[in-house]
Amino acid sequence: MVRKDRQQAKNGSPYLSIELRDRTGSIPARIFRDVDVIGSRFDRGDAVEVRGRVERFRGSLSAEVTALRRIEPGAFDPAEFLPSAYRSTDELNGFLEHLSREVYDPALRAVVERVLDTEPVASEFRRAPCTRGGHHAYLGGLLEHTVAVGTLVGEVCQLHPKLDSDLLMAAALLHDVGKVAIPKDLINKPGPLSDQEWTAVRTHTVEGQRMLEKIGGLMSEIGRVVRSCHERFDGGGYPDGLAAGAIPVESRIIFACDAFNAMTTDRPYRSAVSIEAAIVELEDNAGTQFDPEVVEVLIAQVRDRYGIAA
Ligand SMILES: [Fe+2]
């Protein structure tokens, strides 16, 4: 259920105008009988089971719902309701494997692969959306986003030979791993998130660090980078409000690549911005949100990749 509005018919009687969505698409629907009783049973964002009749109205399909039941989170498979990633999981897995081979230190690569291949990360990470209301809102979205960020980071690395490319790639591949620790009903919630819910989603960087810290060794170092992947250059980010050079350089790079990938991808409530517009956005936020040096390198790389003149 992605929309729920109580409206009034011309004759003054109330009805509910709703929109139902599953992985195949969406359909507008109305409820005319027992409006307040049925309406009190569910909210926008709930999974519901409905009975009713579908008819063609002014050339498009619309449903009249006569019975409706809310389904408890956990009692259904989100795969039935969310659209899937544009690429198949197999294909994305191939990309992920390819990127993890760009971590050249064999010991580090082995741990990265182990983290990605151990449950619950192995299956959940590959199925999850980033968040349902934000970017990469479909199943497999988190994997797709991770592959995209890893690819961008790999390219940025080449322009910046002084960086520790192994550390950077390993952290890029694991930067959102903490999302598997966020309650699934939040990550899968179809409607917009409340402030409180966003606060919970934002703990994914700290959760990610906690997971990596448990492994210890090289992963503690990666965990430090993962923790700071949403710190802003001006100190306004989270979780620690670190600024400028206090933020690990790898985190600053991942943050900018992550934002670029998020901007250039469709969301449920907003379509993707063009590459050119995303470049302007990065430039406008250089020095506040993003590290200006990182922005410069990233933009050079993006222009090169898409053949956009400076
Ligand atoms: Fe991310």
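Author: A quick word before we start: the domain bounds used here come from an automatic or database domain assignment. The model itself is predicted.

Reader: Thanks! How far apart do the C-alpha centres of domain 1 and domain 2 lie?

Author: Domain 1 covers residues 3-71, and domain 2 covers residues 80-306. The C-alpha atoms of the whole protein fill a box of roughly 70 × 45 × 35 Å along the principal axes. Inside that box, the distance between the C-alpha centres of the two domains is 37 Å.

Reader: What share of the protein's residues count as buried?

Author: The protein is built with 13 helices and five strands. It has 310 residues, and the share of them that count as buried is 36%.

Reader: Which helix gives the most to the largest nonpolar core?

Author: That core has 55 residues, and those with the most contacts inside it include Val153, Ala170 and Leu298. One helix, spanning residues 141-159, supplies nine residues to the core. The top contributor is therefore helix α5.

Reader: How many residues does the other core have?

Author: This core lies apart from the largest one. Among its members are Leu16, Ile18, Ala63 and Leu68. Its residue count is eight.

Reader: Which residues does alanine 256 contact, leaving aside its neighbours within four places in sequence?

Author: Ala256 is among the residues with the most contacts inside the largest nonpolar core. Once the neighbours within four places are set aside, its partners are Leu282, Phe290, Asp291, Val294, Val295 and Leu298.

Reader: Are helices α12 and α13 roughly parallel or antiparallel?

Author: Helix α12 takes in residues 275-284 and helix α13 residues 292-306, and their axes come within 10 Å and cross at roughly 170°. Angles over 145 degrees are the ones that count here. So α12 and α13 are roughly antiparallel.

Reader: By class, how many nonpolar, polar and charged residues does the contact of α12 with α13 have?

Author: From α12 come Ile275, Ile279, Leu282 and Glu283, while α13 brings Val295, Leu298, Ile299, Val302 and Tyr306. Glu is in the charged class, whereas Ile, Leu, Val and Tyr are nonpolar. The tally is eight nonpolar, no polar and one charged.

Reader: And which helices do the buried residues of α10 pack against?

Author: Helix α10 spans residues 218-227, and its buried residues are Met219, Ile222, Gly223, Val225, Val226 and Arg227. These pack against α3 (106-117), α6 (165-174), α9 (204-215) and α11 (249-263).

Note on methods: Residues are numbered from 1 along each chain as its sequence is written. This is a predicted model: local features need pLDDT of at least 70, side-chain atom pairs count only at pLDDT 80 or more; totals for chains, interfaces and linings use all residues. Helices (H or I, at least four residues) and strands (E, at least two) are DSSP runs, numbered from the N terminus. A residue is buried if 20 or more other C-beta atoms lie within 10 Å of its own, exposed if 12 or fewer, and partly exposed in between; C-beta atoms are placed from the backbone. Axes are lines fitted to C-alpha atoms, for helices over the stretch in contact, and angles run from 0 to 180 degrees between N-to-C directions. Angles under 35 degrees count as roughly parallel, over 145 as roughly antiparallel, 65 to 115 as roughly perpendicular and the rest as oblique. Two residues are in contact if their C-beta atoms, placed from the backbone, lie within 7 Å. A nonpolar core is a set of buried Ala, Val, Leu, Ile, Met, Phe, Trp, Tyr and Cys residues joined through C-beta atoms within 7 Å.
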